[in-house]
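Here are some notes to read with the model open beside you. Take the points in order, and turn the view as you go.

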There are 2 protein chains.
Amino acid sequence: MLGKRAEDYIEAIYSLSKGKGYTKVKELATLLGVKPASVSEMLEKLSNEGYVVYRKRLFVSLTDKGIETAKSVRERRDILVKFLTAIGVPKKVAEHDACILEHILHPATLTQLKKFVRFIETSPSVSPRWLEHFREFCRTGRHPCTQKV
Amino acid sequence: MLGKRAEDYIEAIYSLSKGKGYTKVKELATLLGVKPASVSEMLEKLSNEGYVVYRKRLFVSLTDKGIETAKSVRERRDILVKFLTAIGVPKKVAEHDACILEHILHPATLTQLKKFVRFIETSPSVSPRWLEHFREFCRTGRHPCTQKV
DNA sequence: CATCGTTGTTAGGCTAACCTAAATGTTATT
DNA sequence: AATAACATTTAGGTTAGCCTAACAACGATG
């Protein structure tokens with residue numbers, strides 16, 4: 001089974017391969033915040049497991065299997081980013097945390113989050129009233145529906 | 001700095017100490033799903049770091065420092081469990097995932113989740129309409145406010 | 001074309017958590 | 001009290017990921 005960190009690598013390769021179709025060790029190291037040596041090592045593994053085509057010193061690219069993985073990882077992440085930003089988490093942080101969350105959540109949790117995001121998205125009005133209420137609640141600390149007693 | 005797994009141990013000790021005031025290796029091993037040997041090992045560390053009083057072969061209990069830690073871990077987790085169950089994640093799963101989430105989320109994310117839970121809790125009606133709508137959305141797949149066109 | 005700087009690989013180590021097997025201490029039972 | 005059963009610790013190993021340092025390959029440039 002693929003470790004969670006391995007998924008990060010795959011997703012990183014996926015992002016960095018946009019356009020060129022491949023990426024390099026140093027780019028990965030920079031994006032992932034590790035040393036090139038660590039990247040080499042992980043690529044070796046990912047290659048053995050059939051997720052990447054790894055030509056040492058030349059390039060890395062994803063296999064079909066790798067692309068599949070990247071996409072599902074990406075999809076999971078998008079849900080989370082949407083959700084987190086919807087409830088007011090700053091984008092940067094949302095992206096960071098989503099990246100962590102995507103690995104570890106139980107499928108049932110992800111399913112519910114996915115539904116929740118769709119619930120917000122498919123809402124008739126552009127921004128549902130309750131979400132606006134929530135934003136106001138964040139600003140003022142008071143629930144806008146509360147009667148001023 | 002305390003590893004994330006260490007926090008799990010502390011929280012487990014906290015739970016299991018309710019009443020008796022202490023707990024035993026085997027109980028911890030069972031609750032955490034690891035072998036007693038692993039517990040021994042971790043207790044050694046936690047003891048060195050001043051989180052627990054560990055009398056080998058006799059008992060383990062939390063120091064004040066440990067209790068503090070346990071409480072804040074617990075608080076974080078409660079927020080998450082509440083949130084997850086609110087959006088329809090089964091309790092068991094919510095508890096499991098919360099346990100993972102609590103370690104890794106950015107403070108900003110936790111802050112927003114905390115607000116979100118309070119938003120739900122302080123809502124004037126027992127269960128806000130939008131939450132009910134969400135539940136219906138989960139059941140039917142359709143947003144109840146949608147006009148039947 | 002020789003050399004310098006960049007990039008990538010290898011080798012050897014580290015840490016956190018886990019495990020198994022064997023040794024040792026404790027408790028219960030005969 | 002002797003033994004059996006159970007609980008705990010110790011010792012020695014494993015794995016995933018990371019690091020540094022030394023070395024190797026490239027490629028740009030004088």
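1. Leaving aside neighbours within four places in sequence, which residues is Leu80(A) in contact with? They are Ala98(A), Leu101(A), Glu102(A) and Leu113(A). Please keep in mind throughout that this is a predicted model.

2. Leu80(A) also turns up in the largest nonpolar core, which has 35 residues. It belongs to the group that touches the most other members, along with Leu84(A), Ala98(A), Phe116(A), Leu80(B), Leu84(B) and Ala98(B). Both chains feed this core: helix 4 (64–86), helix 5 (91–104), helix 6 (107–121) and helix 7 (129–140) of chain A each supply at least two residues, and so do the helices of chain B with those numbers and bounds.

3. Now for the overall layout of chain A. You'll find seven helices and two strands there, and along the sequence they follow the pattern α-α-α-β-β-α-α-α-α. The chain is divided into domain 1 (4–68) and domain 2 (75–140). Taken over C-alpha atoms, the centres of these two domains of chain A are separated by 29 Å.

4. Two figures for chain A as a whole. It has 149 residues, and 34% of them count as buried. If you take the contacts with a separation of 6 or more, 46% are between residues 24 or more positions apart.

5. Have a look at the two strands next. Strand 1 (residues 52–55) of chain A pairs with strand 2 (residues 59–62) of chain A in the antiparallel sense, over four bridges. Across the pair, Arg55(A) stands opposite Phe59(A) of strand 2.

6. Which side chains of strand 1 of chain A are buried, and which are not? Val52(A) and Tyr54(A) point to one face and are buried. Val53(A) and Arg55(A) point to the other face and are not buried. As a general point, side chains in a regular strand alternate between the two faces of the sheet.

7. The hairpin of strand 1 and strand 2 of chain A has three residues between the strands. One residue to check there is Arg57(A), which lies in the loop between them. Its phi is positive, about 70 degrees, although Arg57(A) is not a glycine. Buried or exposed, then, is Arg57(A)? It is exposed, because 7 other C-beta atoms lie within 10 Å, and a residue counts as exposed at 12 or fewer.

8. Chain B has a residue to look at as well. Arg57(B) lies in the loop between strand 1 (52–55) and strand 2 (59–62) of chain B. Arg57(B) is not a glycine, yet it has a positive phi of about 65 degrees. With 7 C-beta neighbours inside 10 Å, Arg57(B) counts as exposed.

9. On to the DNA, starting with strand C. This strand is surrounded by 19 residues, and the closest are Lys26(A), Ala37(A), Lys56(A), Gly3(B) and Ala37(B). The elements that give two or more residues to this surface are helix 2 (25–32) and helix 3 (36–48) of chain A, together with helix 1 (4–17) and helix 3 (36–48) of chain B. Helix 3 of chain B has the largest share, with four residues. By class, the surface near DNA strand C has seven nonpolar, three polar and nine charged residues.

10. DNA strand D has 20 residues around it, and Gly3(A), Ala37(A), Lys26(B), Ala37(B) and Lys56(B) are the closest. Here the elements giving two or more residues are helix 1 (4–17) and helix 3 of chain A, plus helix 2 (25–32) and helix 3 of chain B. Seven of the residues near DNA strand D are nonpolar, three are polar and 10 are charged.

11. Last, two residues of helix 3 of chain A. Pro36(A) lies in this helix and counts as partly exposed, with 13 C-beta neighbours inside 10 Å. Not counting residues up to four places away in sequence, Pro36(A) touches Val25(A), Lys26(A) and Ala29(A). Its C-alpha atom is separated by 6.0 Å from that of Lys26(A), 10 residues apart along the chain. Ser40(A) is in helix 3 of chain A too, and it is partly exposed, with 15 other C-beta atoms within 10 Å. From Ser40(A) to Val25(A) the C-alpha atoms are 6.9 Å apart, though the two residues are 15 apart in sequence.

How values were computed
Residues are numbered from 1 along each chain as its sequence is written. Chains are lettered from A and ligands numbered from 1 in the order in which they are written. This is a predicted model: local features need pLDDT of at least 70, side-chain atom pairs count only at pLDDT 80 or more; totals for chains, interfaces and linings use all residues. A residue is near a molecule or strand if its C-beta atom, placed from the backbone, lies within 6 Å of it. Ala, Val, Leu, Ile, Met, Phe, Trp, Tyr, Cys and Pro count as nonpolar, Asp, Glu, Lys and Arg as charged, and the others, Gly among them, as polar. A residue is buried if 20 or more other C-beta atoms lie within 10 Å of its own, exposed if 12 or fewer, and partly exposed in between; C-beta atoms are placed from the backbone. Two residues are in contact if their C-beta atoms, placed from the backbone, lie within 7 Å. Domain bounds come from an automatic or database domain assignment. Two strands pair if DSSP finds at least two bridges between them. A nonpolar core is a set of buried Ala, Val, Leu, Ile, Met, Phe, Trp, Tyr and Cys residues joined through C-beta atoms within 7 Å.
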